[in-house]
Amino acid sequence: MAVSSQRAAAGTPGTAAKQRSAASHHGGRFTPYLFLAPYLVVFGIFVLAPAGYGLWISLHSWDYLLPGKPFVGLENYTELFSSVSRYGPDFWESMRATGTFTVTSVPLLVTIPLGVAVVLNQQFPGRALFRAVYFGPYVLGVAVIGVLWRFLLDPNVGVMNFYLGKLGLPDDIPWTTALPWGWVSLVGPTVWWTLGFNTVIYLAGLQDISREYYDAAKTDGANAWQSFRHVTLPGLRPVIVFVLTITVLGSGIMFGQSLLITQGAPSFETRSAIWFIADTGLRQFQMGDAAAMSYILSLFLIVIAIVIFKFLGRRVD
Amino acid sequence: MSRAETSGRAFLREQFQSKKGTKVIVSYALLILLSLLYIAPLLWMLSTSLKTNSDAVQWPLSWFPEQISTEGYSTILDPAASQPVIRWFVNSLVAATAHAGLVLIVAAPAGYALARMHFRGSRLIFATLVATLFIPPVTFLMPNYLIVDSLGWLDTLWAIVVPGAAGAFGVFFLRQFFTSLPVELEEAALVDGANRFQIFMRIILPLSKPALATLAVLSFLTNWNDFLWPVYVLFSKPNLTLQPGLAILQDAYNTNYPIVMAGGIIASIPVLILFLLAQRYVVEGVARSGLK
């Protein structure tokens, strides 16, 4: 379109400059596509194709091990809402586990890093070192975090119960085998692990708040709390909404902590949704059911993200 | 460096002499105490990895091994060990390095085209990339398993290296950086008769080393730490990477914590070293990825 209209107007002097600039991006018409080609190949195979393929799978009774994969329409979805279905009750139990985890971990992961960021945003020697300390655990994989905290929280030989005992508190808390302790064992290590990530994002946001606002607040006689409340918080609003959103999305796909720390215990009450989905599809090979579940989980996540943006995204001065 | 140190010392002297001195000391003490508490779990992992099994569960627990023991390490680093940790380590290293390289190879030219070239379909491509960012990754799990299977990549490192490079993050990240470079250099080179490819290779890439390094480091870390995907697409023991390997170790030695902690240390060392060396890149990359 753009090319043909340009060609039509080629005679007029106004477009001469445009043409020259188009020519200056020379190297042939295909150059941009050649530059894009390697990425688009990978993107097409592993993002674009599966985006449609996944929906297709969810509409079939797709047993990986069987040759026939009959079309069943929305049955994989409706099945999950029937009380006598094969996967429904376990799936919703795992969704509840992920929901509980999200509701308990997100408030901590939105507020604590904000406090840490405000402290680390002060000018003082050694700031970079402290920042590194709090960011450090985040560079480790969830598998390391999982096996480590499984050990620290071991009810019999773990260091957590050892120190609780030393403080005169009960030293036989079943962190990894009973509720509500299981939730603490999932949320606590997760907060410890990812706190630094949110802190770094907050720190970048704090840099963008102009010094002048703080100076003005000071001139008006505001104390530290007042300037935090009336300068920092409003200035950081978009960043807080962003952190809230990515933390919810991240918690919604929690997997490793559940697999390694509580190992789903007690019974399967702390088995996360994504663990159940992956097991159904990639261990029991019921891929149609698993694909349908993955879309239901995604729908939840998308709706929550939209709600967050709708109600908090806009500035309300 | 030394200048920062002197000003730091001057700062401290000033603080000590002022009335606020005590407050500063208390704040520092508190901050240091909290920081030590914060890294205590990692120190405990290290200390336990150097204990014997009986020492590790000996009540009362001690922060220091009674006698430094490398039993945990030697059990799993034995080439003939039932859990081939060395093999897993090499697999992880190969996969994460190859992945970081692949990300740069595909994302850099694509990011450059989107930053600097005007062509038919550019807006559509850009919009498509943005749109896919909103698809929750969990929906890719089943279809990508089948796609990787049909490529014959199940239970191979290809499955770990390639699919992740399709993410649009690297393209956006580099496009953003290329856009910020002054366009005059390229125009001068064009006048001198250089073509796009030469400009990209000789001007853009050398100018973009910090951005390329940041993306490479972040890609390496992500790939090294990836857990769910390798747990399901790799299944024979010699083909595993370290992260699913740790889950196997936990299963196999569920009461022998020094061995499991030694595995954790081995899986942590490369990323901790990388973090210490490239801290600025990592932290700035994360901050920028957040705020675009």
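This passage describes the fold of chain A, its contact with chain B, and some local backbone features in a predicted model.

We may begin with the overall make-up of chain A. The chain holds 14 helices and 0 strands, and, read from the N terminus, its elements run α-α-α-α-α-α-α-α-α-α-α-α-α-α. Its radius of gyration is 26 Å, well over the 20 Å that the globule rule gives for 317 residues, so chain A is more spread out than a compact globule. The C-alpha trace covers about 90 × 75 × 35 Å along the principal axes of the chain. Burial reaches 37% of the 317 residues of chain A. Among contacts in chain A with a separation of 6 or more, 66% come from residues 24 or more positions apart.

The contact between the two chains comes next. On one side, 71 residues of chain B take part, and they are in contact with 70 residues of chain A. Helix 15 of chain B, residues 257–277, supplies 9 residues, the largest share of the side of chain B that touches chain A. By class, that side of chain B consists of 55 nonpolar, 14 polar and 2 charged residues.

Helix 7 of chain A deserves a look of its own. The helix spans residues 142–152, and 11 of its 11 residues are buried, so helix 7 is largely enclosed by the rest of the structure. The buried residues of this helix include Trp149(A), Arg150(A) and Phe151(A), as well as Gly146(A). Helix 7 of chain A packs with helix 14 of chain B, residues 242–252, with axes 9 Å apart and an angle of about 20 degrees. The two helices are therefore roughly parallel to each other, and their crossing is left-handed. On the chain A side, the residues that meet helix 14 are Ala143(A), Val144(A), Val147(A) and Arg150(A); their counterparts in chain B are Gln243(B), Leu246(B), Ala247(B) and Gln250(B). Sorted by class, this helix–helix contact has 5 nonpolar, 2 polar and 1 charged residues. A general point helps in reading such a list: an α-helix has 3.6 residues a turn, so residues three or four places apart point the same way.

Turning to the backbone, a cis peptide bond is found in each of two loops. In chain A, the bond between Leu179(A) and Pro180(A) is cis, with omega about 5 degrees. Pro180(A) sits in the loop between helix 8 (159–166) and helix 9 (181–207) of chain A. In chain B, the peptide bond from Trp59(B) to Pro60(B) is cis, and its omega is near -5 degrees. Pro60(B) lies in the loop that separates helix 3 (53–56) from helix 4 (71–77) of chain B.

Positive phi values outside glycine complete the picture. Gln263(A) is one such residue, with phi near 50 degrees. Its place is the loop between helix 12 (256–262) and helix 13 (273–282) of chain A. Ser267(A) is also found in the loop between helix 12 and helix 13 of chain A, and its phi, near 40 degrees, is positive too. As for exposure, Gln263(A) has 18 C-beta neighbours inside 10 Å and therefore counts as partly exposed, whereas Ser267(A) has 8 such neighbours and counts as exposed.

How values were computed. Residues numbered from 1 in each chain as written. Chains lettered and ligands numbered in written order. Predicted model: local features only at pLDDT ≥ 70, side-chain atom pairs only at ≥ 80, totals over all residues. Contact = placed C-beta atoms within 7 Å. Helix = DSSP H or I, 4+ residues; strand = E, 2+ residues; numbered from the N terminus. Nonpolar A, V, L, I, M, F, W, Y, C, P; charged D, E, K, R; others polar. Rg over C-alpha atoms; globule rule 2.2 N^0.38 Å. Buried ≥ 20, exposed ≤ 12 C-beta atoms within 10 Å, placed from the backbone. Axes fitted to C-alpha atoms, helices over the stretch in contact; angles between N-to-C directions. Parallel < 35°, antiparallel > 145°, perpendicular 65-115°, else oblique. Left-handed = near helix turned anticlockwise from the far one by under 90°.
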